[in-house]
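Open the model in your viewer and keep the sequence panel beside it. The tour goes from one selection to the next and says what to find at each stop.

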Amino acid sequence: MRIGSLKSVLFGSALLLATSAPAFAQGTVGAGLSFLHDEGATATGFTIDYSSVKPATDKATFGIVGDFGLNKFDGGTVTSYLGGVRVAIPGNAKVKPFAQFVLSAEHCCGSTDLAFQPGAGVDFAVSPTLDVRVQVDFRTVRSDGETFNAQRYTFGIAIPVGAK
């Protein structure tokens, strides 16, 4: 898939998810270009997530997060389906830091394995309805009794959804 097509898919998906959220939903929808670095190789792909956590202003707030990622190496494609907890760290209206811990499954090369991934990021508000996101995650995968470690770097957007 070409980068231009990938950007269109990411932006369209984020926009569709943000505008179709139920009235009771509050949180963010994020989408971005991701780089999964594993044992000397880097896979390019994308990440889409939804978090129910509200930005924190004076004390940390907690919520759930669901994360889908797809990254393509020369030798295969890594698909991750992760869910867990996100913590909004007190910031301000323009800078919204967060930390998260997600776990579930990663599928690659005909095998689906347990994965867990702590990470942290910052959403920078560029308008009331759009943030720019920078995020880093540290993924650990258990496969056939072995442990594999990777880092995922994501650069994208986050769109606040729901009631203010």
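**Stop 1: the largest cavity**

Begin inside this predicted model, at its largest cavity, which has a volume of about 120 Å³. Which residues are closest to the centre of this cavity? Select Thr28, Val53, Pro55, Lys96 and Asp123: of the 13 residues that line the largest cavity, these are the closest to its centre.

Now colour three strands: E4 (76-88), E5 (95-108) and E7 (130-143). Each of them supplies at least two residues of the lining of the largest cavity. E5 gives the most, with three residues. If you colour the lining of the largest cavity by class, you will find six nonpolar, one polar and six charged residues.

**Stop 2: the second largest cavity**

How many cavities of 30 Å³ or more are there? The count comes to two, and the second largest has a volume of about 40 Å³. To show its lining, select Gly30, Ala31, Gly32, Thr47, Ile48, Asp49, Arg133, Gln135, Thr154 and Ile157. Strands E1 (27-38), E2 (41-51), E7 and E8 (146-161) each give two or more residues to this lining. By class, the lining of the second largest cavity has three nonpolar, five polar and two charged residues.

**Stop 3: the whole chain**

Clear the selection and switch to a cartoon view. The chain contains one helix and eight strands. Follow the cartoon from the N terminus: the order of elements is α-β-β-β-β-β-β-β-β, with the helix ahead of the strands.

What do the eight strands form? They make a closed barrel that runs E1-E2-E3-E4-E5-E6-E7-E8, with antiparallel pairing. From one strand to the next, the twist averages 25°. Strands of a sheet pair through backbone hydrogen bonds, either parallel or antiparallel.

Two totals describe the chain. Of its 164 residues, 40% are buried, where buried means under 20% relative accessible area. Among the contacts in the chain with a separation of 6 or more, 51% are between residues 24 or more positions apart.

**Stop 4: E1 and E2**

Select E1 and E2 together. These two strands pair in the antiparallel sense over 11 bridges. One place to look is Ala31, which stands opposite Ile48 in E2. Both Ala31 and Ile48 are also among the residues that line the second largest cavity.

E1 and E2 form a hairpin with two residues between them. Zoom in on Glu39, in the loop between E1 and E2. Its phi is near 50°, a positive value in a residue other than glycine. Is Glu39 buried or exposed? Glu39 counts as exposed because its relative accessibility is 62%, and the cut-off for exposed is over 50%.

**Stop 5: around E3**

Move on to E2 and E3, which pair in the antiparallel sense over eight bridges. Pick Ser51 and look across to E3: its bridge partner there is Val65.

Then select E3 (residues 61-73) with E4. This pair is also antiparallel, over 13 bridges. Here Phe62 stands opposite Val87 in E4.

**Stop 6: Ser104**

Go to Ser104, in strand E5. Ser104 is not a glycine, yet its phi is positive, at about 160°. With a relative accessibility of 33%, Ser104 counts as partly exposed.

**Stop 7: Phe148**

The last selection is Phe148, in strand E8. How is its accessibility classed? Phe148 counts as partly exposed because its relative accessibility is 29%, and the partly exposed class lies between 20% and 50%.

Show the residues that Phe148 touches, leaving out those up to four places away in sequence: Glu39, Arg139, Thr140, Val141 and Ser143. Glu39 is the loop residue from the E1 and E2 stop. To finish, draw a distance between the C-alpha atoms of Phe148 and Asp38. These two residues are 110 residues apart along the chain, and their C-alpha atoms are separated by 8.0 Å.

Definitions and conventions: Residues numbered from 1 in each chain as written. Predicted model: local features only at pLDDT ≥ 70, side-chain atom pairs only at ≥ 80, totals over all residues. Heavy atoms only, no water. 1 Å grid on protein atoms, 1.4 Å probe; cavity = no way out; pocket = protein on both sides within 12 Å on 5 of 7 lines; lining within 4 Å. Points joined across faces, edges and corners; volume = space filled by probe spheres on them. Helix = DSSP H or I, 4+ residues; strand = E, 2+ residues; numbered from the N terminus. Nonpolar A, V, L, I, M, F, W, Y, C, P; charged D, E, K, R; others polar. Pairing = 2+ DSSP bridges. Axes fitted to C-alpha atoms, helices over the stretch in contact; angles between N-to-C directions. Buried < 20%, exposed > 50% of the residue type's maximum accessible area, 1.4 Å probe, protein only. Contact = heavy atoms within 4.5 Å.
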